[in-house]
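Dear colleague,

Please find below the structure that I am handing over to you, followed by an account of what was found in it.

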Amino acid sequence: MAKAIKQIQHMRISEDDQRKKDLREIEDSLLKNKEALLDTLDMVKHMHDRGVISLLGGLFAEGDKVLQILIKKADTKETANTLKNLMLMAGILGTLNVKQLEPILLKLNAGIAQVSESKDEDDKMGYFDIVRSLKDPEINRSIAFLFEFLKGMGSETSHLERTTQLPEHQAHHANDDHYL
């Protein structure tokens, strides 16, 4: 009959063999991620060439001072108002219909181009010149466009305003269809 094993001897890997195994593992990983590593090294080279690495090194070396300055600057009423305004503007940008805005921006660009091409003369326009210019189809379209714009600006929008209402009224309107 076989004898029971009473003592287990663990195989010890020499330090040199462990080092070879670790290096092989690293080498395999490098080869497996070759493209990503080359892209990363290329990006780091560009950062170094443009001084970003030394800038980051300086920031990390003086990290406590930089962080203290940032915190002092962030802890002002102006910064809080700026963040509030940025959030409000981002919310407004989300409500803009870009498809409707594009023709208006194109017309605005055309108007700016027209003004920049015109000569800066001191010619004064009289009342009769203004009345005569109304016969110009482009000016007539622009005035009609302006009146439609002004009509839209004058329309009632208080039910859509979120920042001028009291919080209890905002909660009341939150379930309305125009907020969905």
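**Surface patches**

On the surface, a patch of negative charge brings together Asp22, Glu25, Glu27 and Asp28. Please bear in mind throughout that this is a predicted model. One member of the patch, Glu25, belongs to helix H1, which covers residues 15-32. Glu25 has a relative accessible area of 54%; because exposed means over 50%, Glu25 is classed as exposed.

A second patch is nonpolar. Val52, Leu55, Leu56, Leu59 and Phe60 form this surface patch, which amounts to about 470 Å². Phe60 is placed in helix H3, made of residues 52-61. The relative accessibility of Phe60 is 70%, so Phe60 counts as exposed.

**Overall architecture and exposure**

The protein contains nine helices and zero strands. Its pattern along the sequence accordingly reads α-α-α-α-α-α-α-α-α.

How much of the protein counts as buried? Of its 180 residues, the share is 2%. The exposed area of the protein comes to about 17,800 Å², and 61% of that area is supplied by carbon and sulfur atoms.

Ser133 is a residue that counts as buried. Ser133 is found in helix H7, which spans residues 127-133. Its relative accessibility is 17%, and the cut-off for buried is under 20%, which is why Ser133 falls in that class. When residues up to four places away in sequence are not counted, Ser133 is in contact with Met125 and Ile139.

**Salt bridges**

How many salt bridges does the structure hold? There are four, and three of them are described here, beginning with the pair formed by Lys20 and Asp16.

The side chains of Lys20 and Asp16 form a salt bridge with an N to O distance of 3.9 Å. Both residues are part of helix H1, where they are four residues apart, about one turn of the helix. Lys20 is partly exposed, its relative accessible area being 46%. Asp16 also counts as partly exposed, at 44% relative accessibility.

Another salt bridge joins the side chains of Lys65 and Glu62, with 3.4 Å from N to O. Lys65 has a relative accessible area of 55% and is therefore exposed. Glu62, by contrast, counts as partly exposed, with a relative accessibility of 39%.

The side chains of Asp129 and Arg132 likewise meet in a salt bridge, at 3.1 Å from N to O. Why are Asp129 and Arg132 separated by about one helical turn? They are separated in this way because they are three residues apart in helix H7. Asp129 counts as partly exposed at 28% relative accessibility, whereas Arg132 counts as exposed at 53%. Helix H7 also holds Ser133, the residue described above as buried.

**Points to view in the model**

Should you wish to inspect the model, the following places correspond to the findings above.

- Helix H1: Glu25, which lies in this helix, and the salt bridge between Lys20 and Asp16.
- Helix H3: Phe60, which lies in this helix and is part of the nonpolar surface patch.
- Helix H7: the pair Asp129 and Arg132, together with Ser133.

With kind regards

Terms used. Residues are numbered from 1 along each chain as its sequence is written. This is a predicted model: local features need pLDDT of at least 70, side-chain atom pairs count only at pLDDT 80 or more; totals for chains, interfaces and linings use all residues. Side-chain values use heavy atoms; hydrogens and water are left out. Patches are made of residues with over 30% relative accessible area and no salt bridge: like charges are joined within 9 Å, nonpolar side chains (Val, Leu, Ile, Met, Phe, Trp, Tyr) within 5 Å. Accessible areas come from the Shrake-Rupley method with a 1.4 Å probe; for residues, only the protein chains shown count as cover. Lys and Arg count as positive and Asp and Glu as negative; His and the chain ends are not counted. The place of a charge is taken as NZ of Lys, CZ of Arg, CG of Asp or CD of Glu. Helices (H or I, at least four residues) and strands (E, at least two) are DSSP runs, numbered from the N terminus. Buried means under 20% relative accessible area, exposed over 50%, partly exposed in between (1.4 Å probe, protein chains only). Contact means heavy atoms within 4.5 Å.
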